[in-house]
There are 2 protein chains.
Amino acid sequence: MPISEFDIIARYFTPASVGRDDVLVGVGDDGAVLQVPAGSALVVSTDTLVRDVHFSDDYSPEDIGYKALAVNLSDLAAMAAQPAWASLALTLPRADEGWIADFARGFFDVAEAHGVALVGGDLTRGPLTITVGVYGFAPTGLSLRRSGARPGDEIFVTGTLGDAALCLAGLPSPHRAYLETRLRRPTPRVAEGLSVRGLASGGIDISDGLAADLGHLLTQSGCGATVYLDRLPLSPALRALDDPDRRRALALAGGDDYELCFTVPPQQRPVLESRWRGAPITCIGRIESSPGLRWISADGSAYHPPREGYRHF
Amino acid sequence: MPISEFDIIARYFTPASVGRDDVLVGVGDDGAVLQVPAGSALVVSTDTLVRDVHFSDDYSPEDIGYKALAVNLSDLAAMAAQPAWASLALTLPRADEGWIADFARGFFDVAEAHGVALVGGDLTRGPLTITVGVYGFAPTGLSLRRSGARPGDEIFVTGTLGDAALCLAGLPSPHRAYLETRLRRPTPRVAEGLSVRGLASGGIDISDGLAADLGHLLTQSGCGATVYLDRLPLSPALRALDDPDRRRALALAGGDDYELCFTVPPQQRPVLESRWRGAPITCIGRIESSPGLRWISADGSAYHPPREGYRHF
C-alpha cells in the first residue's frame, strides 16, 4: 500500500514547520486556530501554481516548493504585511515520497527564512497543482494598496526587470545560472515592503510584468504615469542581450518578476532612502493626473509596447 | 480574444459577494485586509476539489461551486467557528463564461446563506481544480478540537450517515433525488457547530466516513470508544437497502458525509438538548479509556468493518 495522506503530512509537513506562539492549533485538526495581534489587521493572499503553466518538468520539486511559497509571500510584501502563517493545498498524481520530501525542503526553506509556520492544508490526488494561502499582519491602516498613488508621486521598482522572462526565452547566455535562480527561486521582497510602510502611497507586485501591473495600480488609483525606459533597472544578463526591442519587451511585459513597484510622494524620498533596506530600488518615472501609461525612450520619443503582460486565458 | 481573468473576476466574482464591514480591502488587490474581532481567534481551513476525484462530469457547475464552499464551511463548523470570509483559487481548462456564471451562482448561494464574503483568490488555466480557503472566528479558547474527548463522554452525530456513498453506488432507489442532493449539495452544519460551543469536549467533521474520522478524534484524544450499530442514524433511503452488510459499510466508511461527530460530557446533555438547533442529533456511543474503536451489533456481538474510509493514495 502506498504511503497515506496522513503519513505524508506527519512525516514531511509537520516536523519542519516553524514554531510560533500565535498558532493555537496547527496542522492536524479540521482547521487551524490563530491569534492575530491586537491593533493589526489580517492580510491574506492565495496563488496557484499549475504544472506546464507556471512551471515545467525541468523544475526540481525543491524549486516548485520554493516558488509556490515565495510567489505568495511576494503578494504579502506588496501589501506591506509581515508574513506569519501559510496553508498548502497540494494535488499530486501519486504519492512519490522522494518528490514530496524535496518539495517540502524547498517550501520550508522559504518558510524558515521568513518565520512562516505551516498551519494546515489539504493533500489530494490529481493533476499536479499547488495552491498556497499566506496570512500576515499589518498595523490597522498601514497596509499598502494599489489605489493610493497620487499625481506627483515618484514610481520605484525593486531589483531588476525581465530576468525570468529572459530565462524562459531560452537564449544562450553566460548568465544562465543567475537567470535560472531568478526564474525558479524568486526572492519575495518582504523586508522591502515593510520598509515602505507609511511612506509609499501605493504598491503592487509585478508578477504579470511591469506594464500590466503598473497599469492596474494606475487604474485603481485613477491616475496616469510617465516611465522612462532608460531608467529601467536591468541586470547584466539582460543588458547583454543585443536586440533592444526584445530587451524592452522582456523588461516591460515578461512577467514572473516578483519585484515590487510602489509610489512615494517626492517629499518622502529622503526618508525612504534613509530607511531603505533590501534590494536596490530605482526611480523609473512619476504619477500624473492624465490617465494612461506613457513610455519615453532614451531619445525622448514615445514608445508603445507590443503587448501588455501575461494572460491566463 | 477570450474573456480575460480580470473581466471574469469583475463580472462574476465581485458583485455577488456579501458585503461585510470587517473586509477593509477585498477582491482586486495583492491581498485582502481583514479585521478579526477583538477577543476572537481566527480559524482557517482549506480544501481542494479535483475533477474525477471529488466530482464527476455529471455534476453541474452550480453543484461544484456549491460543494466547493460547503465542504470547507463544514470544517469551520467542526471547529465551532463562525464563518466570515472565503478565498477561491479556481483552475479552469478554458474561460467558458456559461460554466463560470453557473459555478459562481452555486458558490454564492452557500456564501450568502452563511454571510460569507469572497475576499480574494486566483484564477489560472489548467486541469479543473478548485481550492477554497475559509476564515472564521471563535472566541479565544472556545474553538472545538479533535483532542478534547474524555472517557465517559457521549458521542453524537448530526443528520444521517452513508447517503452520499449510497448515491455514488448508483443503485436504483426511489430516493434518488434526495440522495443526489446529499451528495452534491451537502449542508454544512454551521449552526450545529456553534450550538455545541463550550459544551462539546471534542469534535470533527466526518467527510472521510465515521469510522476513519472518529478514529482520528480518538487518536488525538488518547481514548477509545464503543459505538452501537443499531443507533446509527440512517435515512429512509439507506434503510431501504436490503443488504445489511452493505448498509453498515456505507454508513461507517462511505465518506462524503459532511456531518459533525462530537463528544459531550453526560452532565452537559440536558443543556445540549435545550440549546440545540439545527439537524437532528443522535447519541451513538461513548468514549472509553481503553484505546480502539469497538462496534457493537444489535445482537450484542462485536462487528469489524471491512475498511476504514477514503484514502487519497
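How much area does chain A expose, and what share of it do carbon and sulfur atoms supply? Chain A exposes about 11600 Å², of which carbon and sulfur atoms supply 51%, where accessible areas come from the Shrake-Rupley method with a 1.4 Å probe and, for residues, only the protein chains shown count as cover.

The legends below describe a predicted model, in which local features need pLDDT of at least 70 and side-chain atom pairs count only at pLDDT 80 or more, while totals for chains, interfaces and linings use all residues. Residues are numbered from 1 along each chain as its sequence is written, chains are lettered from A and ligands numbered from 1 in the order in which they are written, and side-chain values use heavy atoms, with hydrogens and water left out.

**View 1. Chain A as a whole.** The secondary structure of chain A comes to ten helices and 13 strands, these being DSSP runs numbered from the N terminus (helices: H or I, at least four residues; strands: E, at least two). Along the principal axes, the C-alpha atoms of chain A fill a box of roughly 65 × 50 × 35 Å. The radius of gyration of chain A is 20 Å, which agrees with the value near 20 Å for a compact globule of 313 residues; this radius is taken over C-alpha atoms, and the globule rule is 2.2 Å times the number of residues to the power 0.38. Buried residues make up 59% of the 313 residues in chain A (buried means under 20% relative accessible area, exposed over 50%, partly exposed in between, with a 1.4 Å probe and protein chains only). Of the contacts in chain A with a separation of 6 or more, 86% are between residues 24 or more positions apart, contact meaning heavy atoms within 4.5 Å.

**View 2. The relation between the two copies.** Chain B is superposed on chain A by a rotation of 180° with 0.0 Å of shift along its axis, at an RMSD of 0.0 Å, the fit being by least squares on the C-alpha atoms of residues with pLDDT of at least 70 in both copies. The two copies are thus related as by a two-fold rotation axis. The same surface serves both copies, since 100% of the contact residues of chain B recur in chain A.

**View 3. A six-stranded sheet with strands from both chains.** This open sheet has the order E5(A)-E4(A)-E6(A)-E3(A)-E2(B)-E1(B), with mixed pairing, two strands being paired if DSSP finds at least two bridges between them. Its edge strands are E5 (117–125) of chain A and E1 (23–25) of chain B, each of which pairs on one side only. Neighbouring strands of the sheet are turned by 20° against each other on average, direction ignored. Strand E3 (residues 40–50) of chain A and strand E2 (residues 32–34) of chain B pair in the antiparallel sense over three bridges, with A:Leu42 opposite B:Leu34. Helix H1 (residues 5–13) of chain A packs on the sheet, where it touches E4 (82–92) and E5 of chain A, and its direction makes about 145° with that of E5(A). Helix H3 (residues 97–113) of chain A also packs on the sheet, touching E4, E5 and E6 (129–139) of chain A, and its direction makes about 165° with that of E4(A). For these angles, axes are lines fitted to C-alpha atoms, for helices over the stretch in contact, and angles run from 0 to 180 degrees between N-to-C directions.

**View 4. A seven-stranded sheet in chain B.** This open sheet has the order E8-E10-E7-E11-E9-E12-E13, with mixed pairing. Strands E8 (202–205) and E13 (302–303) of chain B stand at the edges with a single partner strand each, so one side of each is left without a neighbour in the sheet. Five bridges join the antiparallel strands E7 (residues 154–158) and E11 (residues 281–288) of chain B, and B:Ile155 has B:Gly285 as its bridge partner in E11(B).

**View 5. Surroundings of A:Asn72.** A:Asn72 lies in helix H2 (residues 61–78) of chain A and is buried, with a relative accessible area of 0%. Leaving aside neighbours within four places in sequence, A:Asn72 is in contact with A:Ser45, A:Thr46, A:Asp47, A:Val132 and A:Val134.

**View 6. The backbone at A:Ala80.** Most residues other than glycine have a negative phi. A:Ala80, although not a glycine, has a positive phi of about 60°. This residue, A:Ala80, is found in the loop between H2 and E4 of chain A and is buried, with a relative accessible area of 1%.
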